[in-house]
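Please look over the sequence and the model below before reading on. The report that follows takes the parts of the fold in turn and describes how they are arranged.

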Amino acid sequence: MFNYILKRFKKIVIRIISLMFFLVFIFMTFLYFNYKLRDEYPNPNDIYAFVEENKTDTYLNRKNKEFLKENNIWSIRLDKNGHIIESLDKPREVKDKFELTDVARFTRYYLADYPVFTYITGDSLILFAYPKNSLDKLPANYYNYKNLIFNVEMLLVFVILFLLFVYIFYRIDIKNILKNIFPLQQAMDDIYEEDYDKLDEDGELKDLAISINQANEKFINLKKSQAKWIRGLSHDVRTPLAKISWEISKEKKADIDIKNIQDQVVKISNILEGLNLTMSLTNMDKDSFSEQSPLKEIRKVIVDKLNDNPDREIIFENKLVNRDLKIKMDPNLFYRMLENIIKNSLQYTKGKILLTISNSVNKLNIEIIDEGDGISGEIIEKINKEDLTNVTKHGLGILISKQIAELHGGNFDIKNENPGLKVTFTF
C-alpha cells in the first residue's frame, strides 16, 4: 500500500517537472515560429546588400526596382539637403522634402506609418519602406549587456529554486505521508490480532482510520458470535441428538417413538434458527432502519398472539404523552423482539400479561410483565452476559430480544417480580 502511495507521489513530482520542461519547450517553440514568421518579409540588410551590389550610376535602376517590387517595398534616396533624388512607388502622403528632424524621426520610428530602414550611400541616404503593419520597429537600438547577463542569471536561479522547492516539498510530503500512514499500516497488520490498538479517529486520514477500526470491531464481534454459536450448539443440540440416537438404537422398530424424534428434530431446527439469528444480529447493518411509530408493531403482535391464544388475556396500556412518537427501527425485528417475550409468557405461565408503553424526557419505555414463576437467576445472568451455553432451553428467545433492543440503540432489563417476570425495553 505504502509503496504504491510513494510511487504515485513520485509520479506526481515527475509530472510537475515534466510539465515545467514542456512549458519551456512550448515557449522555445513559440520563439522559433515567431522568428520564422519574419521570413515572410526579407531582411532589410539583405535588401540593401542586393541593391548595393546591383547599382549602376543610380541605385534604383531597372533591376533593383524589379527586385523591390517583387518584395512589395517602395524606396527613395535623399541628398544631403533632404531632397528626393531617386524614387520608387513613393506614396502620396510622403512629402518630397525632408528636414533633419524628419530624418531623425523616421530613422528611429516610422514614416507615415510605414516601417522604414535607412542606409548611407556616400553623401546620400537611401530608404526602404515595408508595407504598413508588416514589421515592427524597436525604438531602442541597444541593450545593456549587464542587464542581459543579470536576466540570464536570474532565470537560472529561478529554475534552481523551483527544482529545490519541488524537492523540499517532496521530502516534506513523503515524511508526512509516512508519519500518517505508519500507524495505519501497523493497524492493518494487527487488524485480526488480539493486541489490536484502536486508531485515533482524527487527522487527514480520519475516514480510513474509522474504516479500519470498524473492520476490526466487526471482526471481533463476528469472532465472539462464532464462539457463542459453537458453544450454544455443542451444549444444547447434544441432548436432542442423544434422544434421537437412543430412539434409533432400539432393536424393535415398533418401539421407536417417531413423535419424539420429530420433536427433537424440530427442537434442533429451532435451536439452529435462534443461534443463526443471534449471529446475524451481531453484524447487522442499521443503515436500513427508518423513523417509525412502535405502536403499530405493538398492536400487531398483541392481536396475533390473542388470535393464537383466544383463552388468554393480554392487557395493553398506552401511557404515551406524545402519540406521534417515533424511533429509528426495523419493523420486523421490533415485532420479533416483543413476540419472543410474549410467546415465552404464554408458553410458560398462566394468568394475565400486561404490556405498558410510556415515555419521559427523551426516553421511550416498554414493559412486559406476566404472572408466572419467573426464571432462574442463572439464566438471567447468562442472558446479561450473552452466554449461549444452556440458555437455549429457556432463554434464547429472551436473549434475541435483548440483542434486537441493543441493535436499535436501546437498553434491556430483565428481573423476577413477586410474582412474575418483568422485561423492560428503554429507547
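## The antiparallel sheet

In this predicted model, five strands form an open sheet in the order S2-S1-S5-S4-S3, and their pairing is antiparallel. The edges of the sheet are strand S2 (84-88) and strand S3 (110-111), each of which pairs on one side only.

Within the sheet, strand S4 (residues 114-121) and strand S5 (residues 124-129) are joined in the antiparallel sense by six bridges, and Tyr119 is placed opposite Ile126 in S5. Helix H2 (residues 44-53) lies across S4 and S5, and H2 runs at about 45° to S4.

## Two helices with a buried side

Helix H3 (residues 62-70) has Asn64, Phe67 and Leu68 as its buried residues. These residues cover an arc of only 95° around the axis, which puts them on the same side of H3. Arg62, Lys69 and Glu70, on the other side of H3, are exposed. The buried residues of H3 pack against H2, S1, S2 and S5.

Helix H4 (residues 100-108) can be read in a similar manner, beginning with Asp102, Val103 and Phe106, which are buried. The arc they cover around the axis is only 100°, and this puts them on the same side of H4, while Leu100 and Thr101 are exposed on the other side of H4. The partners against which the buried residues of H4 pack are strand S1 (74-78), S3, S4 and S5. As a general background to such patterns, an α-helix has 3.6 residues a turn, so residues three or four places apart point the same way.

## The mixed sheet

A further open sheet of five strands has the order S7-S9-S10-S12-S11, and here the pairing is mixed. Strand S7 (314-319) and strand S11 (411-416) stand at its edges with a single partner strand each, so that one side of each is left without a neighbour in the sheet. On average, and with direction ignored, neighbouring strands of this sheet are turned by 15° against each other.

The pairing can be followed strand by strand. S7 and S9 pair in the parallel sense over six bridges, and the bridge partner of Glu317 is Thr356 in S9. Strand S9 (residues 353-360) and strand S10 (residues 363-369), by contrast, run antiparallel and are joined by seven bridges. Across this second pair, Ser358 stands opposite Asn365 in S10, and Leu355 has Ile368 in S10 as its bridge partner. The hairpin of S9 and S10 has two residues between the strands, and in this hairpin Asn362 takes a positive phi near 60°.

## The nonpolar cores

Nonpolar side chains tend to be buried together in soluble globular proteins. In this model the largest nonpolar core has 41 residues, and those with the most contacts inside it are Phe334, Met337, Leu338, Ile366, Ile368, Phe425 and Phe427. Helix H10 (residues 331-348) gives the most to this core, with eight residues. A second, separate core has 14 residues, among them Val51, Phe67, Leu68 and Tyr119.

Phe427 offers a way to look into the first of these cores in detail. When its neighbours within four places in sequence are left aside, the residues in contact with Phe427 include Ile327, Phe334, Met337, Ile366 and Ala405, and also Asn362, Lys363 and His408.

## Glu339 in helix H10

Is Glu339, a residue of helix H10, buried or exposed? The relative accessible area of Glu339 is 13%, and since buried means under 20%, Glu339 counts as buried. Not counting residues up to four places away in sequence, Glu339 touches Val301 and Lys305. Glu339 and Asp304 are 35 residues apart along the chain, yet their C-alpha atoms are separated by 9.3 Å.

## The enclosed helix H12

Helix H12 (residues 396-407) has twelve residues, which at 1.5 Å a residue should span 16 Å, and this agrees with the 16 Å between its end C-alpha atoms. How much of H12 is buried? Ten of the twelve residues are buried, so H12 is largely enclosed by the rest of the structure. The buried residues of H12 include Leu396, Ile398, Leu399, Ile400, Ile404 and Leu407, and Ser401, Lys402 and Gln403 are buried as well. Just after H12, Gly409 takes a positive phi of about 80°.

Key:
Residues are numbered from 1 along each chain as its sequence is written. This is a predicted model: local features need pLDDT of at least 70, side-chain atom pairs count only at pLDDT 80 or more; totals for chains, interfaces and linings use all residues. Side-chain values use heavy atoms; hydrogens and water are left out. Helices (H or I, at least four residues) and strands (E, at least two) are DSSP runs, numbered from the N terminus. The expected span of a helix is 1.5 Å times one less than its number of residues. Buried means under 20% relative accessible area, exposed over 50%, partly exposed in between (1.4 Å probe, protein chains only). Two strands pair if DSSP finds at least two bridges between them. Contact means heavy atoms within 4.5 Å. Axes are lines fitted to C-alpha atoms, for helices over the stretch in contact, and angles run from 0 to 180 degrees between N-to-C directions. A nonpolar core is a set of buried Ala, Val, Leu, Ile, Met, Phe, Trp, Tyr and Cys residues joined through side-chain atoms within 4.5 Å. The arc is that of the directions from the helix axis to the C-beta atoms.
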